[in-house]
Amino acid sequence: MTELAEINGSLSAIGYGLAAIGPGVGVGMVFAAYIKSSARQPASAKMNLPYLFLGMALIEALALFGLAMGFAYT
Amino acid sequence: MTARPALESTTLASEFPPGLKDFNFKVLWEFQLLGINFEITKLTVLLWVSVLALVVFFSLAVRNQKMVPGRLQFAGESAYGFVRDGMAKPMMGEEGVRFAPYLTTLFCFIIVSNWWAIIPVVQIPTTAKISLPVVLALISYVLFNWVGIRKHGVKKYFGGIFWPAGAPWWILWLLTPIEIISTLIARPVTLAVRLFANMFAGHMLLLVFTFGGVALLNSDNFVNKTFSIFSFGMAIVMTIFEFMVQIIQAYVFTILTASYLQGALAEEH
């Protein structure tokens with residue numbers, strides 16, 4: 001089999017970079033939705049704050065798993 | 001690019017790519033109890049100090065309470081009030097007041113543990129080792145399951161997990177495994193890993209910029225020496241950023257515990 005590409009350096013760093021794409025988009029969407037909703041309905045800003053952090057934390061966990069795995073498999 | 005800077009010349013700069021080794025501390029005291037090896041390191045001492053600080057703070061805050069609170073009483077009351085009115089009540093309603101003391105303790109303990117990361121001289125969060133977040137997550141895990149079982153009974157509580165209310169029977173083969181994994185396995189694991197990984201990554205980030213700055217400063221190249229200023233500057237900026245992350249993580253851990261408690265208490269979950 002011929003080699004098409006070769007990777008030097010830490011494979012974990014590349015893996016973490018890939019793992020961060022999805023959560024990055026997700027966290028962006030959570031904050032965008034929060035800003036949109038509180039711009040339309042400023043009174044709801046305080047009410048939605050716990051849910052903002054809840055959503056952010058749940059999505060962010062995926063990226064952090066990637067980080068933890070990167071160190072676990074070095 | 002022929003003469004590479006001698007990174008190994010000094011002890012600090014040779015540590016430049018920081019790694020897991022920077023989280024292992026010198027054993028200060030070692031003893032055996034019931035056949036288990038106990039090693040007291042800097043992190044253990046910090047853990048004791050944070051527990052002691054919280055105990056002292058709250059005992060002084062509740063001692064000698066007045067109608068018009070003094071400074072200390074005000075600080076203690078606002079910490080409790082913030083958790084009760086900002087997390088327990090919005091998530092669980094009036095029922096949540098019952099859990100406000102636990103949530104306040106959790107919040108304050110996590111925030112103090114995290115703050116060790118940016119307190120000068122100390123600069124290592126006790127939560128950057130997985131063991132502490134695991135214990136905290138296990139306490140929350142046992143608590144919300146116990147509360148759910150106490151309220152609904154074993155059959156109804158686990159029945160609610162295995163057969164989510166309102167789901168048609170033909171989807172259960174897919175829904176039940178997902179529910180079991182998400183409620184009974186993923187919840188404690190993510191609680192622990194989230195806190196640990198955030199603090200671990202934060203500490204690593206600070207190490208990268210400080211060690212990187214030292215490595216640049218020690219290099220022979222004049223341009224590299226100049227750029228070390230930016231590296232140290234980034235370390236300061238990241239310290240401020242970490243301060244924010246630490247508070248958010250303590251908040252998130254507490255509010256997730258509150259939300260799991262709410263799920264266990266809800267009539268249909």
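A nonpolar core is taken here as a set of buried Ala, Val, Leu, Ile, Met, Phe, Trp, Tyr and Cys residues joined through C-beta atoms within 7 Å. In this predicted model, the largest such core has 50 residues. The residues with the most contacts inside this core are Ala88(B), Leu103(B), Ile110(B), Phe253(B), Ile255(B), Ala258(B) and Leu261(B). Two or more residues each are contributed by helix H2 (45-72) of chain A and, from chain B, by helices H1 (42-62), H2 (71-92), H3 (100-115), H4 (131-152), H6 (172-218) and H7 (222-265). The most is given by H7(B), with 11 residues.

Phe253(B), one of the residues with the most contacts inside the core, is in contact with Leu106(B), Ile110(B), Leu191(B) and Leu195(B) when neighbours within four places in sequence are left aside. A second, separate core consists of seven residues, among them Leu206(B), Phe209(B), Val214(B) and Leu216(B).

Between the chains, 11 residues of chain A are in contact with 16 residues of chain B. On the chain A side, the touching residues comprise 10 nonpolar and one charged, with no polar residues.

In chain A, helix H1 covers residues 11-40. Its 30 residues should span 44 Å at 1.5 Å a residue, and because the end C-alpha atoms are 44 Å apart, the expected and modelled spans agree. H1(A) nevertheless contains a kink of about 30° at Ile21(A), shortly before the proline Pro23(A). This part of H1(A) is met by Leu62(A), which touches Gly22(A) and Pro23(A), residues up to four places away in sequence not being counted. Leu62(A) itself is placed in helix H2 of chain A. The C-alpha atoms of Leu62(A) and Gly22(A) are separated by 8.4 Å, although the two residues are 40 apart along the chain. Leu62(A) has 15 C-beta neighbours inside 10 Å and therefore counts as partly exposed; the buried class would require 20 or more.

Backbone conformation was also examined in the loop between H3 and H4 of chain B, where Val121(B) lies and where Gln123(B) is also placed. Most residues other than glycine have a negative phi. Val121(B), however, has a positive phi of about 75°, and Gln123(B) has a positive phi of about 50°; neither Val121(B) nor Gln123(B) is a glycine. With 4 C-beta neighbours inside 10 Å, Val121(B) counts as exposed, whereas Gln123(B), with 14, counts as partly exposed.

Conventions: Residues are numbered from 1 along each chain as its sequence is written. Chains are lettered from A and ligands numbered from 1 in the order in which they are written. This is a predicted model: local features need pLDDT of at least 70, side-chain atom pairs count only at pLDDT 80 or more; totals for chains, interfaces and linings use all residues. Helices (H or I, at least four residues) and strands (E, at least two) are DSSP runs, numbered from the N terminus. The expected span of a helix is 1.5 Å times one less than its number of residues. The bend at a residue is the angle between axes fitted to the seven residues ending there and the seven starting there. Two residues are in contact if their C-beta atoms, placed from the backbone, lie within 7 Å. Ala, Val, Leu, Ile, Met, Phe, Trp, Tyr, Cys and Pro count as nonpolar, Asp, Glu, Lys and Arg as charged, and the others, Gly among them, as polar. A residue is buried if 20 or more other C-beta atoms lie within 10 Å of its own, exposed if 12 or fewer, and partly exposed in between; C-beta atoms are placed from the backbone.
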